[in-house]
Every structure is written in C-alpha cells, then in structure tokens.
Amino acid sequence: MKWRSRLQTLACVAGVWGAWAMPAVTARAQTGEAGRDSAGVALLDEIIVTASQVRDEAPVTSQTIGREEIARRLGTKTFPEVMRATGGVYATSESGSYGDARINIRGFKQENITVLLNGVPLSGFRSGSMFWNNWLGLTDATWRIQLQKGVGGSMLAANSMGGTVNIVTLPAAQAAGGEWVSAVTGYGQSNMRLSLSTGEMKNGWALSFAGSRTSGSGYVEATDVDAWGYFLTLRKRFNARHSLLFTLLGSPERHAQRASKLSHEEVRKYGVAYNKDWGAYNGKVRNVSENFYHKPYFSATHFFTVTDNLFLSNTLYVSVGDGGGKWSESTGKRIAAYRDAGGQTDWAAVVADNANSTDSVTLPDGTVEHGAARNIQSDYLAGHTWVGLRSALEASLGAGLKLSAGLHYQYFYSWQNERITDLLGGAFWFEDYGRNSLAGAAGRNPRKGVGDYIRLDNGDLDNHLSAYAELHYAAGRIEAFAGMMLMTTVYRHWDRYNYISDYYSDPAYGTGGNLKAGLSFRLTDGGRLYLNGGYYSRMPYSNVYFAANTNAITGGVANERNYLAEAGYRHVSGAFRFTLNAYYNYWQNRALMSDPYRPVDDREVRYMITGLDARHTGVEVDVEYRPAAWLALTAFASVGDWQWKNDVAATIYDPYTGLPADTLQVFTDGLFVGDAPQTQLGFTATAGLFGRLEVRLEGRCNDRMYANFDPARRTDAADRSQSYRIPASFVADAHVSFPFRVSTLEATLSVICNNIFDARYIERGDDGATHDLSSFRGFWSIGRHFQTGLRISF
C-alpha cells in the first residue's frame with residue numbers, strides 16, 4: 001500500500017502548486033491607521049482583510065488586542081490568558097505547567113472554537129483540539145488578536161460555535177531597528193527575546209526576525225522548562241500591484257508537566273504548587289510526565305491588486321510537527337500508586353518491585369519467561385504534516401456591494417506510536433498482542449526492551465476542501481453581510497499495529513457547511529444596533545468516524561447542527577465605548593467519544609454518544625472609558641445559561657469489528673455545562689502618573705462554575721445531581737512600568753504582581769462520584785508571584 005500513499009502525497013503537492021500557479025484574490029480594506037507610508041498601510045490592509053478581521057461597524061461582537069496590550073497582559077501567562085479580560089471568555093493555564101493552556105468561549109471548549117492564523121484555520125482534524133504548547137512561538141510573532149464571539153467574521157471558521165480567535169502575525173517593520181527584552185520571575189523562570197528589523201531596503205525587501213528563550217523553574221514543583229522561539233518574516237513589494245510575504249515561526253521546547261489532578265485534601269496538606277508526578281531517584285528529579293515538541297510553520301502569500309476594484313491573495317502553508325511526551329505502561333499497580341511519605345512518586349519502590357518480579361509469561365513458541373516488568377516508562381510520540389492552500393478574492397461591485405469568495409484545501413497526515421525508554425529494573429516488557437491487537441502476534445516477538453515499539457502505530461490521512469462566497473453591503477446607515485460555505489473531507493485511518501499488511505482503511509466521506517448573515521444599523525454617529533445569525537452543519541471529527549480506534553468505519557455518523565443568533569448595541573464615540581449583546585445557541589446531535597478506554601466485560605471498548613443537545617444563552621456587557629488623558633477604565637460582565645437538554649443512548653463499539661455491540665443510557669437532561677464560569681465580572685484601570693509611570697490594576701470574579709464531567713459517566717437514572725459547583729473566586733493582578741532613556745536608547749522597566757491577594761481558588765477540574773468537593777479532582781490557582789522585566793529599543 002506504500003505506493004498508494006506516495007501517489008496521494010504527490011497528487012497533493014501537485015494540486016497545491018497547480019492552484020498556486022493560478023491567481024487568487026482579495027480587495028483592499030481601510031484600517032484607519034494613519035501616519036505610515038503608503039506601502040506599509042497597504043500591506044497591513046491586505047493582511048487584515050486576508051485574515052478576516054472585522055471593523056467596529058460590522059454586525060459581529062469582537063474585541064481587538066494590539067501588540068502593546070498583548071505585551072502588557074502577557075508576562076509569564078500562557079497565550080490564551082491574554083484574552084481573559086473579556087466577558088464570556090475563560091482562559092487558564094491548564095495545570096500550571098509551562099505553555100499548557102485552555103480557553104472556553106460562551107461555555108464552549110476549545111474543540112468548538114476556531115483558531116485562525118493569518119486567516120488559516122489551525123484547529124486539529126482528529127478532535128478539533130488546539131495544543132497551545134505546540135505554538136509557543138506565537139508569543140513573539142503576534143501583532144494583533146481579534147476575538148470574534150459567535151458567528152465571527154471568517155467563512156472558514158467551521159467550528160466556531162463559541163467564537164473565533166483570529167491571530168495576525170507581525171509584518172516586516174517599515175523602519176530599521178530592534179528590541180531586547182529580558183524578564184525573570186520570583187520562582188526562577190527567565191525569558192530573553194531579541195528582535196531585529198532591516199526596515200524596507202532600496203530593493204523593496206524588508207526582513208524582521210525575533211528569537212527567544214525561556215528556561216528555568218515553574219511555580220509548580222518540578223515543572224522546569226527549556227523552550228526556544230523563532231519568528232522570521234520577509235516581504236517584498238514589487239510595485240503598487242504585487243507583493244510577497246513570507247512567514248516562518250516555531251518553538252522547539254521541552255517542559256516537565258503536572259498531569260495528575262489534585263484532591264482538596266492533597267492541596268490542604270501539600271499546597272497549591274504540589275505536583276505528585278515526580279520523585280527523586282539516584283539524587284535527581286525524575287518526572288512521570290513531560291512534553292517535548294517542535295512544530296515549525298511556514299507560509300508564503302502573494303497579494304495582487306488586479307484593478308482598483310479587484311484584489312487577489314494566495315497563501316501556501318506547510319507545517320510539520322514532531323515530538324511527544326513521557327508515558328508509562330502498567331500490568332497491575334500503576335506508578336501513580338507508589339508514594340513516599342512526602343506524597344511524591346517513590347521511584348525506588350517502583351524499580352524494586354520490577355526487579356523482584358516473578359511474573360511469568362508464555363511466548364508464542366511456548367517458552368515460559370519470568371521477570372516481566374510491571375511498570376515501564378515510554379515516549380508517546382506523535383507528529384503530522386500539513387500542506388495547504390488558501391485562495392481568496394474580494395471584488396467591489398459598486399453601490400456599496402463587495403463580493404468575497406475563496407477556496408481552502410488542506411492535506412493532513414498524522415502518525416503516533418509508543419517507544420519504551422526505561423524498563424525500570426524489569427528484565428523485559430511483555431506486549432500482549434493476543435489481547436491488544438486485532439492481528440494477534442502475527443509472528444511478532446512480544447518480548448520487548450528499551451527502544452522497541454508497543455501498543456500502537458497508527459495515524460490519519462485526510463484531504464479537506466472548502467469553498468465559500470459572501471456578499472457585503474455598506475452604505476449610509478447600514479452594513480450587512482450574508483455568506484455560505486460548503487466543505488468536504490475524505491478521512492482515512494491507517495494502523496500497522498492491528499493490521500499486518502493492508503493497514504489503510506477504506507475512505508470515509510463527510511460533507512457539511514454553514515450559512516451566516518448579519519445586519520447593523522447606525523442609530524446615531526456613534527451608536528449601532530446589530531443582529532447576526534447562522535446555521536452550521538458540521539461534520540464530526542475523524543475520531544468519531546473511526547470510533548473503535550481501528551480501521552472499521554463507524555456506521556450511522558450524522559452531522560452536528562448548530563443554530564446561532566445574536567443581537568447587540570454598540571456605541572463608540574471619543575473616549576467612550578460600550579457594547580451590550582445577547583446570544584442564543586442551540587446545538588443538536590452532538591457526538592462525543594469517551595476517552596480513555598473503559599473496561600467492559602474485561603475488554604477495552606469505547607463509548608460514542610450521539611444525539612446530545614445543548615443550549616447556550618447569555619448576556620454580555622463590555623465598557624471602555626477614558627475620562628482623562630492619563631486614565632483608562634474598562635469593565636465587563638457576562639451571565640450565561642448553558643445546559644444539556646436531553647437524555648440519550650451511548651453506543652458501545654466492539655474493538656475487533658468496530659460495529660455497535662451494545663447501548664448504554666446516558667442521563668444529562670437539565671445538567672449545567674461544566675468547565676467554565678457562567679457568571680463573570682471584571683475590570684481594568686490604567687493610569688499614567690508623573691508623566692512617565694504607568695500603573696495597571698486588573699480584577700476578575702468568576703461564579704456559577706460547575707466541574708467538568710463526562711456525560712458517558714451519567715448512566716444512573718436516579719442521579720440527576722448537578723456536577724460540583726466550584727466556589728466563586730476573585731483575583732487581582734497589578735502591572736507597573738516606567739519608561740526611561742539610556743543615552744539614545746529607549747527603555748522600559750516593568751514589575752508585574754499576579755494574584756495580589758494570594759487567593760486560593762479552583763481553576764479547573766473534574767466532577768466525582770459524589771458531586772462534591774471530596775470526590776472532585778482538579779487544579780488550584782498558583783499563589784502570588786512577581787515578574788520583573790526590562791525592554792530596550794534601538
């Protein structure tokens with residue numbers, strides 16, 4: 001079958017280059033940013049339109065965060081936390097480990113939020129997840145973020161149930177110069193970044209580069225990090241009609257993790273920085289969990305102004321991810337159960353138990369061997385290749401009408417396997433092919449040692465195509481849009497663990513699309529009413545099409561349906577900005593896969609839940625006010641009502657045939673959606689004092705947050721209890737910066753204090769059997785901590 005895969009790859013590359021050879025298009029937009037030379041303004045306009053960022057007049061709820069504000073908010077926080085000062089958005093560092101993060105918008109998790117980079121979707125094909133620790137280089141590369149809630153401004157945002165995180169990277173700077181930034185935390189983590197720019201040279205080329213390194217200790221125990229980041233952008237303006245933009249970014253990184261959630265008793269006994277996923281062995285720190293990954297991303301965009309009314313853009317992009325994380329396998333008592341008196345992993349006991357093992361196994365030739373390891377450590381390895389093309393046009397039709405249309409093609413190939421790294425004192429590992437593989441042993445030696453591969457060797461091969469068209473109207477008091485997008489994906493799964501020869505599945509086909517429309521009406525010079533709505537028919541992700549995690553295609557897969565509606569009022573005038581909006585979102589036929597596997601009758605199976613409905617409604621308010629030149633105030637509030645709306649049946653899939661084997665009733669009707677606060681309040685106050693000093697105070701209050709839960713566990717008809725309601729929390733941060741000059745250089749000294757009042761609160765976690773604090777497992781906030789930084793511009 002190798003020839004077939006190679007032909008598909010060649011066809012993919014040929015298709016991309018064939019499309020690249022054809023002109024594509026987008027039309028210019030006004031950014032309202034004056035004071036730059038015309039070439040710089042034109043390039044920024046082109047980037048903004050290509051990325052589907054919207055203006056204040058658009059009938060969409062949005063908030064734009066610029067480069068300076070990103071730098072001010074970020075500090076040592078994860079990238080999604082930059083967006084947390086917005087109603088309806090909940091962003092946290094998932095476990096306290098560097099780079100691990102999650103974001104929810106209007107109660108929807110990351111797999112139902114679209115992330116765009118310069119207009120290109122980044123969300124994963126298999127489950128829709130966004131692994132932020134694979135994109136640490138975005139910190140250095142981002143020029144602006146536009147958070148678009150609800151339907152958003154991009155027709156390619158196929159899974160924007162909650163909203164769209166629209167990221168635009170830095171264009172090459174117009175002026176030559178550079179910047180050095182250095183920061184260090186009170187707990188020993190440091191960051192250094194150098195950026196340089198040539199400015200636009202005489203030959204029309206401009207180059208900007210940024211490189212960074214983050215290293216040191218995390219606030220959480222034994223979560224050290226060593227990460228590099230790089231960002232390179234190169235542009236060439238040939239003339240008033242043609243320009244090229246090249247972008248390269250990435251971040252090779254390795255960081256220790258805290259993967260195991262904590263109980264309230266453990267936090268009370270050991271503190272919020274406690275991490276039970278490590279222990280000392282032979283005088284060194286040894287972690288159970290660790291992440292290492294590198295995902296370089298390259299794009300090339302051609303902008304072509306055909307006429308004053310027609311503009312083209314083509315973007316070719318490639319991304320190759322490679323890495324993994326520390327893992328472990330067990331045949332009985334797991335590593336997590338070995339604890340010393342201090343609550344840490346007792347590696348000495350693990351090794352001793354393995355070394356003294358008398359467990360015997362029978363090999364395929366009948367030989368009986370003793371001393372099989374009970375626990376081992378391994379590397380769970382995964383990688384992928386993306387190759388894609390986005391081709392778009394925007395044409396002015398006259399009378400206030402513009403037409404936008406385009407195509408997006410993506411080839412996606414992924415792989416994952418597991419390799420033994422340490423037998424932990426054992427003689428060998430017995431890989432039970434008879435139990436774990438559909439093919440049985442098939443001549444494979446089950447006696448494994450360090451460097452051997454076990455458990456899985458599979459991946460996906462997907463080809464995705466979407467096409468869209470949108471009409472936009474702006475004249476007088478009215479601005480409106482209406483658009484449609486159609487998409488199709490061919491999914492294939494491959495598996496060399498369960499299949500020996502013919503290891504590619506038959507193709508599974510999915511089609512879907514969406515309709516969006518919006519209207520805004522200017523009531524006064526600064527005030528607008530707006531309405532928008534949409535209908536999504538979304539294909540399930542590939543893990544639903546291959547529910548048994550084999551090559552068997554799941555039967556009866558149906559699209560999810562989502563109905564969105566929103567109404568709002570926005571007022572923008574001088575020093576005052578106010579937005580009030582209400583939203584309604586009804587989600588039908590949601591499909592969920594249980595993960596990890598659950599034992600049924602001593603066999604490992606998966607549950608697939610289909611037909612789930614959920615309703616998300618809410619009201620949001622955002623206010624910005626500048627009463628004086630030296631003072632800026634913002635505030636936000638959001639109140640949501642997010643509930644599951646029905647009881648359904650879960651299908652249990654036979655791991656050998658991939659066919660439905662049984663059903664299980666799931667009782668979720670009336671339960672609140674968990675994992676994000678349904679009530680939020682927040683404020684920021686920024687004051688410029690004594691002409692130079694800037695002081696910023698930020699506060700957030702979260703309430704009515706219910707613990708996350710797996711609907712597959714709700715199988716008791718008598719248990720209608722809500723998941724554990726997490727207590728309300730308030731947290732405040734402060735930022736002080738002082739600009740000064742050193743000779744001809746401009747510099748800024750900053751101090752950040754996060755969690756000023758050292759509040760102890762729950763950030764995220766999972767519900768337990770009793771739906772109370774005693775059975776809850778999660779992560780608490782980290783305590784008060786400081787960061788100091790110095791920025792020098794030249």
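Begin with the whole protein chain: for its 794 residues, a compact globule would have a radius of gyration near 28 Å, and the chain agrees with this because its own value is 27 Å. The radius is taken over C-alpha atoms, and the globule rule is 2.2 Å times the number of residues to the power 0.38. This is a predicted model, in which local features need pLDDT of at least 70, side-chain atom pairs count only at pLDDT 80 or more, and totals for chains, interfaces and linings use all residues. Residues are numbered from 1 along each chain as its sequence is written, and side-chain values use heavy atoms, without hydrogens and water.

Next, display the C-alpha atoms alone; along the principal axes they fill a box of roughly 80 × 60 × 55 Å.

Switch to a cartoon view, where the protein chain shows eight helices and 43 strands. These are DSSP runs numbered from the N terminus: helices (H or I) have at least four residues and strands (E) at least two.

Now colour by burial. Of the 794 residues, 56% are buried, that is, under 20% relative accessible area with a 1.4 Å probe, counting protein chains only.

Then select residues 278–281, strand β14, and residues 284–287, strand β15, which pair in the antiparallel sense over four bridges. Strands count as paired if DSSP finds at least two bridges between them. Which residue of β15 is the bridge partner of Y281? The partner is K284.

Finally, select the turn of this hairpin, which has two residues between β14 and β15. There, N282 has a positive phi of about 55°.

Definitions and conventions: Buried < 20%, exposed > 50% of the residue type's maximum accessible area, 1.4 Å probe, protein only.
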